[in-house]
Each structure stands twice: as C-alpha cells, then as structure tokens.
Amino acid sequence: MSILKPNYVFVLDTNHKPLTPCKPSLARKLLKVGKAKVFRLYPFTIILRKEVTEDPRPMILKIDPGSKVTGLAILLGYDLIWVAQLTHRSQAIKASLDSRRSRRRGRRSRHTRYRQARFCNRTPPKGLLAQGLRHRVETTLTWVNKLSRLAPVRTIFQELVRFDLQQIENPESSGIEYQQGVLAGYEVREYLLNKWERRCAYCSVENVALQVEHIQPRASGGTNRVSNLCLACEPCNTKKGTQDIKIFLAKKPDVLKKILVQAKRPLKDA
C-alpha cells in the first residue's frame with residue numbers, strides 16, 4: 001500500500017466509532033493538548049478521549065481494480081480526502097509457485113527424496129480462483145473492511161470494465177474471425193517463416209537453419225504467444241540468451257524498432 005498524496009487523518013471516538021476524518025493540522029492540535037492519542041500509524045488514525053453521539057457524514061469508497069495495482073479513494077461529498085494505491089503480489093506468487101513446481105519436478109526426475117505428485121488425482125472445487133487472483137480479491141476486501149472500520153463509509157463503488165481482447169489485438173475483427181486465431185490455417189513455424197521472411201530477425205541472414213526465439217525471454221516473463229516469437233539463427237539465439245532485447249540490440253536501433261513494431265504488446269494484464 002502506498003499513499004499518493006497527503007491525506008486526512010482518520011478519527012475514532014472512545015468507543016471506536018468512526019468519525020469524519022480531519023486535517024493533519026487539527027489532528028496535531030488534538031494530540032498536543034491531550035484530547036486524543038495515536039490509535040494506528042498506518043493509515044494514521046487518532047482516537048478521541050470522549051464519546052461522540054452525533055452521526056458523522058456518510059462517505060463514499062471508490063475502488064479501481066487492476067492487474068498490478070488497485071486504486072482506493074474516499075470521498076466526502078465531492079471532496080477527495082483520502083487516496084492510496086494497493087500494489088498486488090500476484091506476479092511474485094506465480095513465480096514462487098513456478099519455482100516450487102520446477103524443484104519438485106526436478107527431484108522426481110532425479111529420483112531423490114520427493115513428495116508424490118498429487119495433481120493427477122485431484123479435481124479443483126467449483127469456482128476456485130488461481131492463487132494470484134484470489135490474493136487480489138482477498139487483499140482488496142481486507143482493505144475495504146479496514147477502511148470501513150476507520151471511516152463512516154456507507155457506499156462503495158467499484159469500476160467494472162470489460163475488454164475485448166480480440167479487438168485489442170486486431171481492431172478489424174468481426175463475425176467468424178472471433179473464432180479464428182492468428183494461426184488459422186498455419187502451423188507455427190510456417191507462420192513465423194512467412195512473417196519474418198525466412199531470415200534471422202536480428203542479423204537478417206538467409207538460407208541457414210532458423211530457430212524459434214522468444215523476443216521477451218521466458219525467464220523475464222515472456223509468453224509463448226505467437227506475437228512474442230520470431231526466428232533467429234543459432235549464433236544470434238545463443239548470443240542473446242536471456243538478455244532483454246533492448247540491451248541485446250542497443251547498438252542496432254533500426255533493427256530493434258522493426259522487431260518491436262512486428263511484435264505486438266502482450267495482453268497479460270488485460
């Protein structure tokens with residue numbers, strides 16, 4: 001969680017009843033004269049030494065969910081009084097699961113001490129979310145509940161957007177084209193040979209054995225989407241290894257620009 005701007009301070013009465021947040025200057029005065037004390041450092045909250053019977057003004061919590069970050073904002077009427085950005089750990093969770101899976105597979109192949117595979121005889125329960133997705137939902141819910149205890153939140157709005165991934169990749173898609181992928185009527189290698197004109201994408205050499213190459217390396221989060229594949233001769237493929245393409249082609253800006261234009265941006269976050 002990261003605070004994007006100086007925010008109002010949350011206020012509770014002596015019975016932990018959430019009140020209307022106040023400005024930091026007022027909170028400092030209340031703390032200085034002893035009418036309040038610090039209840040929580042993050043998000044900063046003070047608790048009064050008396051009970052307040054008046055009902056606070058209702059507030060609105062707005063949520064803008066995303067693949068990597070989720071925005072949270074609290075409004076009092078039309079005034080924005082608190083805003084923060086929640087950074088998710090979905091990619092770290094996926095990397096940890098991939099690492100654990102590869103270690104277990106390696107132990108089984110080496111016939112060293114290992115746990116028996118249990119993925120073949122298990123049926124996931126209906127509605128089960130992947131751990132990375134479940135982390136986003138549960139973390140967001142945790143902060144919604146926490147903010148509801150610190151502020152008189154009465155209404156919650158969440159932005160819901162649907163993306164047409166086929167239109168993002170090919171704006172001219174229509175009709176039956178939605179049922180056809182990029183490789184309709186092609187094999188992967190034949191498609192790449194036609195796309196890259198049967199030459200190495202990095203040095204443009206022809207009439208040599210070409211290998212399928214990941215533009216963004218798998219080790220750096222690259223996928224097997226055809227938009228992330230190109231053709232490379234063995235020397236270029238070996239020399240590039242797991243380097244970022246921008247580093248590998250730093251001295252060839254024209255080639256780099258051409259490859260990036262040919263390769264489409266990934267839709268993983270969408």
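**A surface patch, a buried methionine and a pocket**

Phenylalanine 44 sits in strand 5, which covers residues 44-48. The model looked at here is a predicted one. So how open is this phenylalanine? With a relative accessibility of 31%, phenylalanine 44 counts as partly exposed, because that label goes to anything between the buried limit of 20% and the exposed limit of 50%. Phenylalanine 44 also has company: together with Val38, Leu41 and Tyr42, Phe44 makes a nonpolar patch on the surface, with an area of about 390 Å².

Next comes methionine 59, found in strand 6 (residues 59-64). Is methionine 59 buried or exposed? Its relative accessibility is just 1%, so methionine 59 counts as buried, the cut-off being under 20%. Along the chain, methionine 59 and isoleucine 81 are 22 residues apart. In space, 9.9 Å separates the C-alpha atoms of this pair.

Then there is the largest pocket, with a volume of about 880 Å³. Its lining takes in 26 residues, and those closest to the pocket's centre are Leu97, Arg100, Arg101, Phe119 and Gln131. Two elements each give two or more residues to this lining, namely helix 2 (90-110) and helix 3 (131-150). Which of them gives the largest share? That is helix 2, with eleven residues. As for what kinds of residues line the largest pocket, 13 are charged, nine are nonpolar and four are polar.

Methods. Residues numbered from 1 in each chain as written. Predicted model: local features only at pLDDT ≥ 70, side-chain atom pairs only at ≥ 80, totals over all residues. Heavy atoms only, no water. 1 Å grid on protein atoms, 1.4 Å probe; cavity = no way out; pocket = protein on both sides within 12 Å on 5 of 7 lines; lining within 4 Å. Points joined across faces, edges and corners; volume = space filled by probe spheres on them. Helix = DSSP H or I, 4+ residues; strand = E, 2+ residues; numbered from the N terminus. Nonpolar A, V, L, I, M, F, W, Y, C, P; charged D, E, K, R; others polar. Patch = residues over 30% accessible without salt bridge, like charges linked within 9 Å, V, L, I, M, F, W, Y side chains within 5 Å. Areas by Shrake-Rupley, 256 points an atom, 1.4 Å probe, with all protein chains shown as cover. Salt bridge = Lys/Arg side-chain N within 4 Å of Asp/Glu carboxyl O. Buried < 20%, exposed > 50% of the residue type's maximum accessible area, 1.4 Å probe, protein only.
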